[in-house]
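User: Take a close look at the nonpolar core of this model, please. I want the contacts, the ring geometry and the empty space around it, with every cut-off stated.

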Amino acid sequence: MKVQSPMPGQGVFATLWAAIGAKPEPDDAFTRLYERYLTPRRRSHDLVHVFDLLGAVSRLGPKFSDPLLAQMAVLYHAVFFEPVLDDNHARSAGITALWLLDGGVPRPTVEKICGLIRASKVDARVTTADEALFHDAEWAVLGADEAIF
């Protein structure tokens, strides 16, 4: 599926991409990410959910040790989504790690982002305050309005 530029969120992505130390030229990375959220079979983990969660995490910004990493984790947290599988978060973290490392993002930054992504699973064992906050934001958004889902 080919999408047209500019796409919603592209400016936010470019800002975050640069802030986390990635290589210049984020357009291909953004297009690849954006297209993932347009795939069929997504009910609750579509672009609407991503932007809702991005809003929630942005409002919580100062509570995160690195708000920009939390915002980037939002954009990638459901890059893989298959409703019948139980390991979507782990798969999303794996894809995210590959894509961000390929984009030149430093490994410690990638590990923090992927930790937040794994923490968004409903029964995740969180190990940091950031992971707990990210987990709670994800599930607060998902539980906000049943009509959306």
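Analyst: What follows goes from the core to its aromatic rings, then to the voids and a few further buried residues.

This is a predicted model, in which local features need pLDDT of at least 70, side-chain atom pairs count only at pLDDT 80 or more, and totals for chains, interfaces and linings use all residues. Residues are numbered from 1 along each chain as its sequence is written, and side-chain values use heavy atoms, with hydrogens and water left out.

Start with the core. A nonpolar core is a set of buried Ala, Val, Leu, Ile, Met, Phe, Trp, Tyr and Cys residues joined through side-chain atoms within 4.5 Å. Buried means under 20% relative accessible area, exposed over 50%, and partly exposed in between, with a 1.4 Å probe and protein chains only. In soluble globular proteins, nonpolar side chains tend to be buried together. Here the largest nonpolar core has 42 residues, and F13, M72, L75 and Y76 touch the most other members. Two or more residues each come from α1 (10-19), α2 (27-36), α3 (47-59), α4 (67-76), α5 (88-102), α6 (107-119) and α7 (129-142). The largest share, 7 residues, belongs to α4. Helices are DSSP runs (H or I, at least four residues), numbered from the N terminus.

Y76 deserves its own entry. Contact means heavy atoms within 4.5 Å. Setting aside neighbours within four places in sequence, Y76 is in contact with F13, W17, A29, L33, Y37, S92, T96, W99, L100 and I117.

Now the rings. A pair of aromatic rings is described by the distance of the centres and the angle of the planes. Rings of Phe, Tyr and Trp (its six-membered ring) pair if their centres lie within 6.5 Å; planes under 30 degrees apart count as stacked, over 60 as edge-to-face and the rest as tilted. The structure holds 5 aromatic pairs. One of them joins F13 and F30: it is tilted, at 5.2 Å centre to centre and 55 degrees between the planes. This pair links distant parts of the chain, with F13 in helix α1 and F30 in helix α2, 17 residues apart. F13 counts as buried because its relative accessibility is 0%. F30 is buried too, at a relative accessible area of 5%.

Another pair is Y76 with W99. The ring centres are 6.4 Å apart and the planes meet at 70 degrees, so this pair is edge-to-face. Y76 lies in helix α4 and W99 in helix α5, so the pair ties together parts 23 residues apart in sequence. Both Y76 and W99 are buried. F13, W17, F30, Y34, Y76 and W99 form one aromatic cluster. A charge also comes in: R32 lies over the face of W99, at 4.3 Å from the ring centre. The rule for this is NZ of Lys or CZ of Arg within 6 Å of the ring centre and within 35 degrees of the ring normal.

Next, the voids. On a 1 Å grid over the protein atoms alone, a cavity is a set of points where a 1.4 Å probe fits but cannot get out; a pocket is an open set with protein on both sides within 12 Å along at least five of seven lines; lining residues have an atom within 4 Å of a point. Grid points are joined across faces, edges and corners, and a volume is the space filled by probe spheres set on the points. The count comes to 1 cavity of 30 Å³ or more. The largest cavity has a volume of about 80 Å³. Its lining is P8, G9, F30, L33, Y34, Y37, L47, V50, F51 and L75. Two or more lining residues each come from α2 and α3.

The largest pocket has a volume of about 230 Å³. Of its 18 lining residues, H45, F81, L85, N88 and H89 are the closest to its centre. The largest share of that lining, 3 residues, comes from α5.

Finally, three further buried residues. V105 sits in the loop between α5 and α6 and is buried at 3% relative accessible area. Beyond four places in sequence, V105 is in contact with I20, G21, A22, L100 and V110. T109 lies in helix α6, counts as buried at 17% relative accessibility, and touches I20 and L69, again not counting residues up to four places away. C114 is in helix α6 and counts as buried at 4% relative accessibility. With the same exclusion, C114 touches A93, T96 and A97.
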